[in-house]
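Biologist: I am new to this structure and would like to learn how to read it. Could you take me through it feature by feature?

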Amino acid sequence: MKILAEPIDAIVTFRAESGERPRPYKFRYKDRDSNTHEVKIDRIFHVEEWRLAGVKSLVYRCASIISGVEKLYEIRYIIDECRWELYKM
């Protein structure tokens, strides 16, 4: 997987129970050619808390079918900045 660290627009769900992590449902990103792609998240394999240089984030390892091919990728929620990014693909 290649590190991209590109900002994305995400639709996320939350549970009513307190302390539940946000669960991404789908996201939209632009590729190198400025084409917009919308991806529905099919599976979330693993979620881990990450701290890099004092910045807390949640890293989601996921899989989706993109252009007819199943692809693995990581999206990251940066807690302090309240933003999502496509981290690796």
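Biologist: Let me start with a single residue: where does Phe14 lie?

Modeller: Two notes before the answer. This is a predicted model, in which local features need pLDDT of at least 70, side-chain atom pairs count only at pLDDT 80 or more, and totals for chains, interfaces and linings use all residues. Residues are numbered from 1 along each chain as its sequence is written, and side-chain values use heavy atoms, with hydrogens and water left out. Now to your residue: Phe14 lies in the loop between β2 (9-13) and β3. Strands here are DSSP runs of E, at least two residues, numbered from the N terminus.

Biologist: Is Phe14 buried or exposed?

Modeller: We judge that by relative accessible area: buried means under 20%, exposed over 50%, and partly exposed in between, using a 1.4 Å probe and protein chains only. Phe14 has 61% relative accessibility, so Phe14 counts as exposed. You can also compare sequence and space: Phe14 and Lys40 are 26 residues apart in sequence, and their C-alpha atoms are 17 Å apart.

Biologist: What would that kind of comparison give for Glu38 and Ile66?

Modeller: Glu38 and Ile66 are 28 residues apart in sequence, with 9.0 Å from C-alpha to C-alpha. Glu38 belongs to strand β4 (residues 36-40). Contact means heavy atoms within 4.5 Å, and Glu38 touches Lys26, Phe27 and Arg28 if residues up to four places away in sequence are not counted.

Biologist: Now the interior. How many residues does the largest nonpolar core have?

Modeller: The general idea is that in soluble globular proteins, nonpolar side chains tend to be buried together. A nonpolar core is a set of buried Ala, Val, Leu, Ile, Met, Phe, Trp, Tyr and Cys residues joined through side-chain atoms within 4.5 Å. Here the largest one has 14 residues, and those with the most contacts inside it are Ile8, Phe27, Tyr73, Ile75 and Leu86. Two or more residues come from each of β3 (23-30), β6 (55-66), β7 (69-78) and β8 (83-88). The largest share, 4 residues, is from β6.

Biologist: Which residues is Ile8 in contact with, leaving aside neighbours within four places in sequence?

Modeller: Ile8 is in contact with Phe27, Arg28, Tyr29, Ile75, Trp84, Glu85 and Leu86.

Biologist: And on the outside, which residues form a nonpolar patch on the surface?

Modeller: For such a patch we take residues with over 30% relative accessible area and no salt bridge; nonpolar side chains (Val, Leu, Ile, Met, Phe, Trp, Tyr) are joined within 5 Å, while like charges are joined within 9 Å. Met1, Phe45 and Leu72 form one, with about 350 Å² of accessible area together, by the Shrake-Rupley method with a 1.4 Å probe, where only the protein chains shown count as cover. Phe45 sits in strand β5 (residues 43-52) and counts as partly exposed because its relative accessibility is 47%.

Biologist: Let us turn to charges. How many salt bridges are there?

Modeller: Side chains of opposite charge can pair when their charged atoms come close. The rule is a side-chain nitrogen of Lys or Arg within 4 Å of a carboxyl oxygen of Asp or Glu, and the count comes to 8 salt bridges. In one of them, Glu74 pairs with Arg61, the closest N and O atoms being 3.0 Å apart. This pair links distant parts of the chain, with Glu74 in strand β7 and Arg61 in strand β6, 13 residues apart. Glu74 is buried at 5% relative accessibility, whereas Arg61 is partly exposed at 29%.

Biologist: Which residues are linked in a network of salt bridges?

Modeller: Arg76, Glu81, Arg83 and Glu85 are. Within it, Arg76 meets Glu85 at 2.3 Å between the closest N and O atoms, and both Arg76 and Glu85 are buried. Glu81 and Arg83 pair at 2.5 Å, N to O; Glu81 is partly exposed at 49%, and Arg83 is partly exposed at 32%.

Biologist: Last, how many disulfides does the count come to?

Modeller: A disulfide is a covalent bond between the sulfur atoms of two cysteines. With the rule of two cysteine sulfur atoms within 2.5 Å, the count is 0 disulfides.

Biologist: Why is there no bond for Cys62?

Modeller: Its closest cysteine sulfur, in Cys82, is 19 Å away, so it is too far for a bond. Cys62 is buried, with a relative accessible area of 1%, whereas Cys82 is exposed at 56%.
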